[in-house]
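Visitor: Before we begin, may I see the sequence and the structure together?

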Amino acid sequence: MTEILKVEDLQIRFIGGKKDFSVVNGISFALNRGETLGIIGESGSGKSISCMGILGLLARDKWRVYGDIRFGENPLPYNDNRAMRPYRGRHLALIIQNPLSAFNQMIPIAAHFYETLNVPNVPPQNMEQVRHQAREILARMRIRDPDAVLDSYAFQLSGGMLQRIMIALALVMKPDILIADEPTTALDLTVQHEIITILQEMQEKQGTAILLISHDLGVIAHLASTIAVIYAGEFVEKGKAEALLECPAHPYTQGLFASRPKFSKERLPIMEGQPPRLFSERRGCAFYPRCKSREDSCMTSRPSAVSAFSGGKEHETWCSRTAPSSVGHIGDGQ
Ligand SMILES: Nc1ncnc2c1ncn2[C@@H]1O[C@H](COP(=O)(O)OP(=O)(O)O)[C@@H](O)[C@H]1O
Ligand SMILES: [Mg+2]
């Protein structure tokens with residue numbers, strides 16, 4: 001499989017307040033063409049900030065981003081807004097949680113398609129050509145009357161409709177990678193299910209790689225072939241979905257999955273304790289204060305990755321305490 005995105009040691013610091021603090025603390029992952037990588041974690045764990053950092057969308061006066069990010073062979077110039085432009089839309093597309101905020105209320109939906117398709121370095125298209133492509137993709141999104149939708153304004157449409165249009169706008173450019181940040185969170189269950197099916201269909205047709213961000217285990221379990229669990233800006237567990245869902249090794253992941261014999265559409269259970277305050281500098285494991293399996297050394301030494309095996313399938317976990325059949329250290333990096 002071709003590796004299309006590689007993120008090595010991504011670190012993101014907030015520098016816009018009285019005190020600097022680290023929000024993302026050295027996460028690494030790779031995404032293959034046509035694959036879905038799901039990142040799951042509680043609210044505030046750094047999922048959206050990671051996406052924005054990768055796309056170079058964080059305000060430079062408030063954030064610092066470090067790490068080696070590659071699109072195929074090329075280093076991604078995430079710290080240079082201008083240099084990032086050719087990558088956004090065509091190579092890396094983003095769909096976000098709140099559809100209404102993604103639309104300009106003053107122009108009809110058709111004009112959004114026009115702007116999306118008429119970007120530098122691609123042949124210009126007139127409105128007729130734009131509408132032709134938009135109609136086709138909206139129909140694939142199961143929108144019955146595409147022309148009426150194209151002539152509407154965002155405020156006239158429902159949240160579920162806007163979410164579908166946002167996905168259509170992302171996919172009309174046939175991006176290599178779709179970053180979907182909580183794509184179904186604001187929607188009711190029926191629409192959620194429809195959006196998931198649409199994403200699956202589009203992935204099969206276009207070979208799109210999807211980076212799927214969610215705090216909803218049901219959505220992740222449904223779509224992702226690889227899963228990473230994030231806690232306080234660090235991965236605590238990462239591996240093939242079957243291995244991780246069947247046999248979670250990290251106490252945090254076990255806690256998340258505990259009350260969920262079946263991966264349905266429920267939300268994550270609320271766990272005891274508070275997520276760590278991000279500005280406190282950490283020496284040991286971030287999960288230590290909430291961990292049921294902790295020992296003294298966890299407070300002072302940072303966990304390194306170990307291999308956990310379940311039914312012959314390997315995945316990584318950043319806790320040596322509870323990996324039942326761990327076979328040794330992989331390394332300190334994530
Ligand atoms: N605009 C901001 N100003 C300061 N801190 C922020 C801002 N946005 C996010 N953060 C910090 O970054 C952390 C991660 O946020 P985010 O990536 O949005 O979490 P989530 O995992 O829910 O997507 C938050 O817990 C918060 O401490
Ligand atoms: Mg978020």
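Visitor: How many nonpolar, polar and charged residues make up the shell around ligand 1?
Guide: This is a predicted model, in which local features need pLDDT of at least 70 and side-chain atom pairs pLDDT 80 or more, while totals for chains, interfaces and linings use all residues. Residues are numbered from 1 along each chain, chains are lettered from A and ligands numbered from 1 in written order, and side-chain values use heavy atoms, without hydrogens or water. Ala, Val, Leu, Ile, Met, Phe, Trp, Tyr, Cys and Pro count as nonpolar, Asp, Glu, Lys and Arg as charged, and the others as polar. By these classes, the shell holds 6 nonpolar, 5 polar and 2 charged residues.

Visitor: Which residues come nearest to ligand 1?
Guide: A residue belongs to the surroundings if one of its heavy atoms lies within 4 Å. Ligand 1 has 13 residues around it, and the nearest are Gly-44, Gly-46, Lys-47, Ser-48 and Ile-49.

Visitor: What distance separates an oxygen atom of ligand 1 from an N or O atom in the side chain of Ser-48?
Guide: A polar contact is a pair of N or O atoms within 3.5 Å. Gly-46 offers a backbone N or O atom at 3.1 Å from a ligand 1 oxygen, and Lys-47 brings a side-chain N or O atom to 2.9 Å from one. For the side chain of Ser-48, the distance to an oxygen of ligand 1 is 2.9 Å.

Visitor: What percentage of the area that ligand 1 exposes when taken alone does the protein bury?
Guide: Accessible area is found by the Shrake-Rupley method with a 1.4 Å probe. Taken alone, ligand 1 exposes 560 Å², and the part of this buried by the protein is 64%.

Visitor: Which element gives the largest share of the shell around ligand 1?
Guide: Helices (H or I, at least four residues) and strands (E, at least two) are DSSP runs, numbered from the N terminus. Two elements, β2 (21-32) and α1 (47-54), each contribute at least two shell residues. The largest share, 3 residues, belongs to α1.

Visitor: Why does the largest pocket lie between two domains, and which are they?
Guide: On a 1 Å grid, a pocket is an open set of points with protein on both sides within 12 Å along at least five of seven lines, and lining residues have an atom within 4 Å of a point. The largest pocket has about 820 Å³ of volume, the space filled by probe spheres set on the points. Among its 25 lining residues, Arg-88, Gly-89, Leu-92, Leu-94 and Thr-116 are closest to its centre. The pocket lies between two domains (bounds from an automatic or database assignment) because both give residues to its lining: domain 1 (1-91 + 185-334) and domain 2 (100-174).

Visitor: Which element gives the largest share of the lining of the second largest pocket?
Guide: This pocket holds about 340 Å³ of space. Of its 17 lining residues, those closest to the centre are Ala-30, Thr-226, Lys-238, Gly-239 and Glu-316. Two or more lining residues come from each of β1 (3-14), β2, β10 (234-240) and β12 (313-317). The largest share, 4 residues, is that of β2.

Visitor: What is the volume of the largest cavity?
Guide: A cavity is a set of grid points where a 1.4 Å probe fits but cannot get out, and the structure holds 1 cavity of 30 Å³ or more. Its lining includes Trp-63, Val-65 and Tyr-78, and the lining divides into 6 nonpolar, 2 polar and 1 charged residues. The space within the largest cavity is about 40 Å³.

How values were computed
A polar contact is a pair of N or O atoms within 3.5 Å; within protein, one must be able to donate a hydrogen and the other to accept it, and residues adjacent in sequence count only if both atoms are side-chain atoms.
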